[in-house]
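Trainee: I would like to test some labels against their definitions. Can we go through them one at a time?

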Amino acid sequence: MVRDFLKASGFLDQPNVTNIIPRPLDTRILAKTHSSAYIRYVQRISETGEGEIDIDTPGFKGIYENALVTSGATVTGVDAILSGEIEHFYTPTGGFHHASYDRGGGFCVFNDVAASVYRLKEAGFRRILIADFDVHHGNGTQSYFYDDPEVMVISFHEDPEWLYPHEGHLHETGVGLGQGYNINMHFPMDAGDAVYKYAFDRLVPKLLDYYKPEFILFLPGFDAHYRDPLAHLNLTTDMIRYVAQFIHDSAHRWCNGRLGIVSGGGYHPDTFRWGVGEVMSVISGHRHQSPPQHPPFEDDDEIWQIVRSNISEVEGIIFPLLGIG
Ligand SMILES: [Zn+2]
Ligand SMILES: [Zn+2]
């Protein structure tokens, strides 16, 4: 679906766009990312087709090989950036941020974002930013680097009180040396572009100015769109583009352009394609316009009040920890 869309929209004909064939995830990196017991568990399901990764994540025959490629695509992209072949990549798979060291779930088998961080650490990177704007909290990803100041994780998501995975509270800020490097900001149901942009502008530029990342891994949050059936935020592609544009500019400002983009969630085929169009347009410079969109609500006083209060709480906990004035 994504390939047809990219082709029809002219992205694949651009002289600065190249198509890279994904390699399966290197088993050495896989063994860093997941426990041997969990890897064996996935392999057994894969051989028989029986069993499930988790209650919402069914197994099937070949799921191990499938997951190696869908997650390996992200590391393939990272390698292509490290070799200097490209500046940015976008992969239609990837963003399996609910998978943790010893378990999968939430449609995620192997955590490609964590695997990419291990690859980057091997290559000597010491300030890696994970900018996770998927509407669900990246609980798996958070669990890997919770005590690690070499990885800053910023996650914007819907309030975990009513949305899967019911983690990602504001006070989860990291431990030990990693304290302050895990930033969660959540939004009430029906929050739209206006409050989201306000929160983004208040928090993200200061965090990036402080951290000066060397590499950015980015989940654009296609499932935060108002038409997405699995969540309840009210964003349009204007906001998805705004975030992508800022992250892309930041990659050029701090990282010599080094930016890896993984899809993450997105469960409405139209809005998923529109999101891909926005992101590809931002990173390639090829003009692309999503259709007009009309969210059913505007941000009301109650939403503004909750979001302002959440922002103050995040600023109040995180900024002193990092010494941001
Ligand atoms: Zn999601
Ligand atoms: Zn660029």
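Mentor: Start with contact, which means heavy atoms within 4.5 Å. Keep in mind that this is a predicted model.

Trainee: Which residues is Met189 in contact with, leaving aside its neighbours within four places in sequence?

Mentor: Glu158, Trp162, His232 and Ile303. Each has heavy atoms within 4.5 Å of Met189, so each counts as a contact. Take His232: 43 residues separate it from Met189 in sequence, yet their C-alpha atoms are 5.2 Å apart.

Trainee: Why is Met189 called partly exposed?

Mentor: Its relative accessible area is 36%. Buried means under 20% and exposed means over 50%. The value for Met189 falls in between, so the label is partly exposed. Met189 sits in the loop between strand S6 (182-187) and helix H7 (193-211).

Trainee: What is the label for Asp190, and why?

Mentor: Asp190 lies in that loop between S6 and H7. Its relative accessible area is 27%, so Asp190 is partly exposed too.

Trainee: What makes the backbone of Asp190 worth a remark?

Mentor: Asp190 has a positive phi of about 75° and is not a glycine. Most residues other than glycine have a negative phi.

Trainee: Where is His166 found, and what is its phi?

Mentor: His166 is in the loop between S5 and S6. Its phi is positive, about 60°, although His166 is not a glycine. With a relative accessible area of 45%, His166 is partly exposed, because the value is not over 50%.

Trainee: How do you know that the peptide bond from Tyr164 to Pro165 is cis or trans?

Mentor: Look at omega: it is near 0°, and the bond is cis. Most peptide bonds are trans. Pro165 is in the loop between strand S5 (151-158) and S6.

Trainee: Now the metal. What makes His88, His248 and His252 donors of the zinc ion (ligand 2)?

Mentor: Distance. The NE2 atoms of these three residues lie 2.0 to 2.1 Å from the zinc ion. The cut-off for a donor is 2.8 Å, so NE2 of His88, His248 and His252 qualifies. Water is not among the atoms, so sites may look incomplete.

Trainee: How are the donor residues spaced in sequence?

Mentor: The pattern is H-x159-H-x3-H. His88 in strand S3 and His248 in helix H8 (residues 237-254) are 160 residues apart, a pair that links distant parts of the chain. His88 and His248 are both buried, so each has under 20% relative accessible area.

Trainee: What is in the largest nonpolar core?

Mentor: It has 59 residues. Tyr90, Phe133, Phe156, Leu207 and Phe218 touch the most other members. H7 supplies the largest share, nine residues. A second, separate core has 21 residues, including Val78, Tyr118, Ile128 and Val262.

Trainee: How do you know that Phe133 is buried?

Mentor: From its membership. A nonpolar core takes buried residues, so Phe133 has under 20% relative accessible area. Beyond four places in sequence, Phe133 touches residues including Phe156, Tyr196, Phe200, Val204 and Phe218.

Trainee: Why is the space lined by Phe133, Tyr196 and Pro220, among others, called a cavity?

Mentor: In a cavity a 1.4 Å probe fits but cannot get out, so the label says that this space is closed to the probe. About 30 Å³ of space lies in this largest cavity. H8 gives the most to its lining, with three residues. The lining has eight nonpolar, one polar and no charged residues.

Trainee: And the largest pocket: how many residues line it, and which lie nearest its centre?

Mentor: A pocket is an open set, so the term differs from cavity on that point. The largest pocket holds about 780 Å³. Its lining has 28 residues, with Thr18, Asn19, Ile20, Tyr90 and Thr91 nearest the centre. H4 gives the most, five residues.

Trainee: What makes up the lining of the second largest pocket, by class?

Mentor: 15 nonpolar, 15 polar and three charged residues. Its volume is about 600 Å³. Phe96, Gly106, Phe107, Cys108 and Tyr267 lie nearest its centre. Gly counts as polar, so Gly106 belongs to the polar group. H4 gives the most to this lining too, with five residues.

Note on methods
Residues are numbered from 1 along each chain as its sequence is written. Chains are lettered from A and ligands numbered from 1 in the order in which they are written. This is a predicted model: local features need pLDDT of at least 70, side-chain atom pairs count only at pLDDT 80 or more; totals for chains, interfaces and linings use all residues. Side-chain values use heavy atoms; hydrogens and water are left out. Helices (H or I, at least four residues) and strands (E, at least two) are DSSP runs, numbered from the N terminus. Buried means under 20% relative accessible area, exposed over 50%, partly exposed in between (1.4 Å probe, protein chains only). On a 1 Å grid over the protein atoms alone, a cavity is a set of points where a 1.4 Å probe fits but cannot get out, and a pocket is an open set with protein on both sides within 12 Å along at least five of seven lines; lining residues have an atom within 4 Å of a point. Grid points are joined across faces, edges and corners, and a volume is the space filled by probe spheres set on the points. Donors are N, O and S atoms within 2.8 Å of the metal (3.2 Å for Na, K and Ca); water is not among the atoms, so sites may look incomplete. A nonpolar core is a set of buried Ala, Val, Leu, Ile, Met, Phe, Trp, Tyr and Cys residues joined through side-chain atoms within 4.5 Å.
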